[in-house]
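Visitor: Please take me through this structure as you would a careful colleague, giving the general idea of each feature before the particular case.

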Amino acid sequence: METKRLIWFKEEIIPVSQAKINVLAPTSQFGVNVFEGIRCYWNEEKEQLYAFKLTEHINRLINSAKIMDFDLEYDFNFLKNSFLDIVQSNNFKEDIAVRQTLFLDGFGSWSSKGPVEMFIAPIPKGRPYDKIGIDCCISSFERINDNSLSPRVKVGANYMNSRLGHLEAVKNGYDTAIFLNNQKKVSEGPGSCIFIIRDEKLITPPVTASILESITRQNIIDIAESDLNIRVIERDIDRTELYVCEEAFLCGTAMEITPILTIDRYAVGTKSQGKFTEQIREFYFKMVRGNLKNYNQFLTPIY
């Protein structure tokens, strides 16, 4: 039950209902926070819960705090050990998602640098959609860029851009959106990166296309090239190229790997999960659950 769920909050492990933030704090008034969403996967056979690429997530959290100029006193080991403590305290034996957030507390303004506090909130989490694929549209909202609000930073305020695009798509009968950047090239989805397949090549926008430096995206690039013998190309993608690709999928920690069936009502391939997407998806889930020995270095056992 929600009332029994424990949260790490200001260096204490307490019931989530007791975690309170000052409504006048910069994080409440201006969205001054940086965060990571981290997946943990349960392996029933091994009776073990694995955090996937925890090191990479914590390093990105530290970098986000640096770019936002937080007076951060927590070091890597403290951030990692606090994460492990709260997940262990909840004794989860199922797939979960964990939100690790650094936020500005106190009575400062949008330009404050501290005091920096943290909460870590794990919650049971299954697949993002209860169907094999989704319908997307091109958003009328432009993706933020490095000269406005950098997509490289996982700051809470950035996700208002994602919110506008996603809600517009849902209102118009789609599952979610795909953003173009200020160069009118394909960028990413709300909280997710995009890949397409053309001529048996895996293609994705570069990190300079106003996208998050996604841990999941880089992982897919690595396994496609090293294990699945799929050529990967990082380059700009035009909007209409989405309409003629053979396969497409969104990826991210929350999104995992989700096939796209249509874009602006144009069918993607045969409007089903394509063979390359299926191959990547199957390999990914074996890896994150600890069923591929060569990738165990990316997994942090919780128990």
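Guide: Let us begin with an enclosed space: the residues lining the largest cavity divide into two nonpolar, three polar and one charged, where Ala, Val, Leu, Ile, Met, Phe, Trp, Tyr, Cys and Pro count as nonpolar, Asp, Glu, Lys and Arg as charged, and the others, Gly among them, as polar. This is a predicted model, in which local features need pLDDT of at least 70 and side-chain atom pairs count only at pLDDT 80 or more, while totals for chains, interfaces and linings use all residues. Residues are numbered from 1 along each chain as its sequence is written, and side-chain values use heavy atoms, with hydrogens and water left out.

Visitor: How many cavities of 30 Å³ or more does the rule give, and which residues line the largest cavity?

Guide: The general idea is that rolling a probe the size of a water molecule over the atoms shows where empty space is left. On a 1 Å grid over the protein atoms alone, a cavity is a set of points where a 1.4 Å probe fits but cannot get out, whereas a pocket is an open set with protein on both sides within 12 Å along at least five of seven lines; lining residues have an atom within 4 Å of a point. Grid points are joined across faces, edges and corners, and a volume is the space filled by probe spheres set on the points. By this rule there is one cavity of 30 Å³ or more; the largest cavity holds about 30 Å³ of space, and its lining consists of Arg39, Phe52, His57, Thr216, Thr253 and Tyr284. Domain 1 (2-124) and domain 2 (134-289) each contribute at least three residues to that lining, the domain bounds coming from an automatic or database domain assignment.

Visitor: What is the volume of the largest pocket, and where does it lie with respect to the two domains?

Guide: The largest pocket has a volume of about 980 Å³, and among the 39 residues that line it, Arg99, Tyr159, Pro190, Gly191 and Ala254 are the closest to its centre. Because domain 1 and domain 2 both give residues to the lining, this pocket lies between them. By class, the lining of the largest pocket comprises 19 nonpolar, twelve polar and eight charged residues. Its largest share, five residues, comes from α4, and the elements that each supply at least two lining residues include β3 (33-43), β5 (96-104) and α4 (159-171); here helices (H or I, at least four residues) and strands (E, at least two) are DSSP runs, numbered from the N terminus.

Visitor: How many residues of each domain are in contact with the other?

Guide: Contact means heavy atoms within 4.5 Å, and 22 residues of domain 1 are in contact with 20 residues of domain 2. The centres of the two domains, taken over C-alpha atoms, are 26 Å apart.

Visitor: Is Asn33 buried or exposed, and which residues does it touch beyond its sequence neighbours?

Guide: Buried means under 20% relative accessible area, exposed over 50%, and partly exposed in between (1.4 Å probe, protein chains only). Asn33, in strand β3, counts as buried because its relative accessibility is 14%. Not counting residues up to four places away in sequence, Asn33 touches several residues, including Phe70, Thr101 and Lys154. Thr101, in turn, lies in strand β5 and is buried, with a relative accessible area of 4%; leaving aside neighbours within four places, Thr101 is in contact with Asn33, Val34, Phe35, Glu117, Met118 and Phe119.

Visitor: Which residues other than glycine have a positive phi, and what is the omega of the cis peptide bond?

Guide: One of them is Lys10, with a positive phi of about 55 degrees, in the turn of the hairpin that β1 and β2 form with two residues between them. Two strands pair if DSSP finds at least two bridges between them, and four bridges join the antiparallel β1 (residues 6-9) and β2 (residues 12-15). Glu256, in strand β13 (residues 256-263), has a phi near 55 degrees and is buried at a relative accessible area of 1%. Asp264 also has a positive phi of about 55 degrees; it sits in the loop between β13 and β14 (266-267) and is buried at 15% relative accessibility. The cis peptide bond joins Gly114 and Pro115, with omega about 0 degrees, and Pro115 is placed in the loop between β5 and β6.
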